[in-house]
Amino acid sequence: MAITRLGNIANTIPDDSIQNAKLSNIVQSKNIIINGDMSIAQRGTSATGLTNGSGGYHTCDRWRFTENASPSFVFTQSQSTDVPSGQGFATSLKMDCTTAQGSLATSDRLLIQQRIEGQMLQYLKKGTSSAESTTISFWVKSAKTGTYIVELYDNDNTRAISNSYTISSANTWEKKTITYAGDTSGALDNNSSTSLILQFWLASGTDYTSGTLSTSWSSITNANRAVGQVNLADSTSNEWYITGVQLEAGTTASDFEFLPYDVTLNKCLRYYFTDALYSSGGNTGLAEMPICTSNAAFKHIFKHFPVTMRAAPTISNIVIKSDVATSSSDLTQKSGDYATTMTVDIYGRNDDSTAPGYYHGAEFSAEL
């Protein structure tokens with residue numbers, strides 16, 4: 001398989017013939033999807049007990065878990081090393097059913113999503129007579145054979161198009177390719193909010209399956225969105241793996257675009273990153289900053305983000321700890337103030353009367 005790698009293209013162009021047009025092509029990635037090879041997992045490599053109300057990002061960056069079910073079925077999500085042989089991938093996203101629900105309620109659904117900013121998609125010319133077709137390709141594996149649905153959802157105009165793929169052989173990696181026609185209605189907003197959502201359906205109640213699958217762009221009719229979708233939640237033996245997800249303009253799928261690890265990481269940092277967090281081993285080796293001594297007024301540190309974030313982030317899980325490893329004191333914290341897309345002030349106060357406190361880390365999220 002030919003490998004397209006952004007970082008190697010410049011080496012093929014003679015130094016005396018580099019032009020601005022060529023340089024612009026080098027920095028343009030053809031894959032609309034970020035982290036399609038599931039290589040970045042800043043939050044961790046496994047998340048258990050995912051169920052109704054667990055919607056959000058848990059393991060592989062940019063891939064969002066969404067469940068609406070009553071009673072709930074339960075999944076473990078992980079970054080797996082099970083990958084298609086000989087294709088260049090090192091990791092995949094795995095969904096493992098741990099509590100089954102054989103009979104779905106009408107409104108039940110389970111999806112894996114990637115949400116995409118409108119300003120990243122203007123070249124697709126959606127909403128014009130020149131709208132581009134798009135093609136998705138990916139590798140998938142499951143113990144549950146049958147029909148699965150992949151949907152493109154236009155969040156700006158409440159329009160969607162769905163297509164199906166079939167897992168033919170249990171527990172066998174298979175490559176799938178689907179082409180979607182361009183949509184001449186409904187231009188995408190040119191901003192940093194969610195415009196397009198790529199959705200892999202894994203379970204769907206009759207609210208989403210009782211009609212005719214909408215294989216052409218149309219206004220949302222829920223009954224037409226996931227017709228034929230199997231129920232991955234009907235057995236604790238069911239697992240679903242995916243990697244090599246690529247969505248690109250055009251009617252044919254090209255080879256997966258393997259970007260250097262640091263390039264993919266920087267794309268992910270636009271939406272989420274963490275500082276080094278406190279560990280029980282004490283302060284040695286951590287990039288810590290003293291905040292204040294006991295009972296002092298709130299003080300702050302100033303942080304500059306590693307890349308410009310999509311929006312001013314939400315700051316959570318601020319960790320301020322004593323410099324005494326045996327101390328279990330929870331110290332008074334205050335969330336970040338004056339956040340921008342590039343910087344934030346973080347405030348904290350140490351209420352431990354025996355030792356000064358130190359800032360050990362936080363999470364910063366500008367996810368869609």
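Which residues line the largest cavity? The close-ups below start there; the model is predicted.

**View 1. The largest cavity and its lining.**
This cavity encloses about 110 Å³ of space. Its walls are formed by Leu124, Lys126, Ala131, Glu132, Thr134, Leu152, Ala181, Gly182, Asp183, Leu188, Leu196 and Trp217. Seven of these lining residues are nonpolar, two are polar and three are charged. The structure holds four cavities of 30 Å³ or more.

**View 2. The second largest cavity.**
The volume here is about 100 Å³. Ser29, Asn31, Ile33, Ile34, Asn35, Gly36 and Asp37 are among the lining residues. Phe256, Glu257, Leu259, Thr264 and Lys267 also belong to the lining. By class, the lining has four nonpolar, five polar and three charged residues.

**View 3. The open sheet of seven strands.**
Strands of a sheet pair through backbone hydrogen bonds, either parallel or antiparallel. In this sheet the pairing is antiparallel, and the order is E2-E3-E6-E11-E8-E9-E12. Strand E2 (56–57) and strand E12 (218–219) are the edges, each pairing on one side only. Within the sheet, strand E3 (residues 64–68) and strand E6 (residues 109–117) are joined by five bridges. One pair to look for is Glu67 with its bridge partner in E6, Leu110.

**View 4. Strand E10 and its partner E7.**
Strand E7 (residues 134–142) runs antiparallel to E10, and seven bridges join the two. Thr135 has Thr179 of E10 as its bridge partner. In a regular strand the side chains alternate between the two faces of the sheet. Strand E10 (residues 174–180) has one covered face, made of Glu174, Lys176, Ile178 and Tyr180. Lys175, Thr177 and Thr179 make up the uncovered face.

**View 5. Asn163 in strand E9.**
Strand E9 spans residues 159–167 and includes Asn163. Is Asn163 buried or exposed? Asn163 has 17% relative accessibility, so it counts as buried. Leaving aside neighbours within four places in sequence, Asn163 contacts Tyr148, Ile149 and Val150, among others. Further contacts of Asn163 include Ile178, Thr179 and Tyr180. Leu213 and Thr215 also touch Asn163. Of these contacts, Ile178 and Tyr180 sit on the covered face of E10, whereas Thr179 sits on the uncovered one.

**View 6. Ser92 in strand E5.**
Ser92 lies in strand E5, which covers residues 92–99. Its relative accessible area is 0%, so Ser92 is buried. Which residues does Ser92 touch, not counting those up to four places away in sequence? They are Met38, Cys60, Ser78, Gln79, Ser80, Asp82, Val83, Trp173, Tyr241, Ile242 and Thr243. Ile242 is 150 residues from Ser92 along the chain, yet their C-alpha atoms are separated by 5.5 Å.

**View 7. Cysteines without a disulfide.**
A disulfide is a covalent bond between the sulfur atoms of two cysteines. The count for this model is zero disulfides. Cys268 is in no disulfide; its nearest cysteine sulfur, that of Cys60, is 9.5 Å away. The cut-off for a disulfide is a sulfur pair within 2.5 Å. With 1% relative accessibility, Cys268 counts as buried. Cys97 also counts as buried, at 2% relative accessibility.

Note on methods:
Residues are numbered from 1 along each chain as its sequence is written. This is a predicted model: local features need pLDDT of at least 70, side-chain atom pairs count only at pLDDT 80 or more; totals for chains, interfaces and linings use all residues. Side-chain values use heavy atoms; hydrogens and water are left out. On a 1 Å grid over the protein atoms alone, a cavity is a set of points where a 1.4 Å probe fits but cannot get out, and a pocket is an open set with protein on both sides within 12 Å along at least five of seven lines; lining residues have an atom within 4 Å of a point. Grid points are joined across faces, edges and corners, and a volume is the space filled by probe spheres set on the points. Ala, Val, Leu, Ile, Met, Phe, Trp, Tyr, Cys and Pro count as nonpolar, Asp, Glu, Lys and Arg as charged, and the others, Gly among them, as polar. Buried means under 20% relative accessible area, exposed over 50%, partly exposed in between (1.4 Å probe, protein chains only). Helices (H or I, at least four residues) and strands (E, at least two) are DSSP runs, numbered from the N terminus. Two strands pair if DSSP finds at least two bridges between them. Contact means heavy atoms within 4.5 Å.
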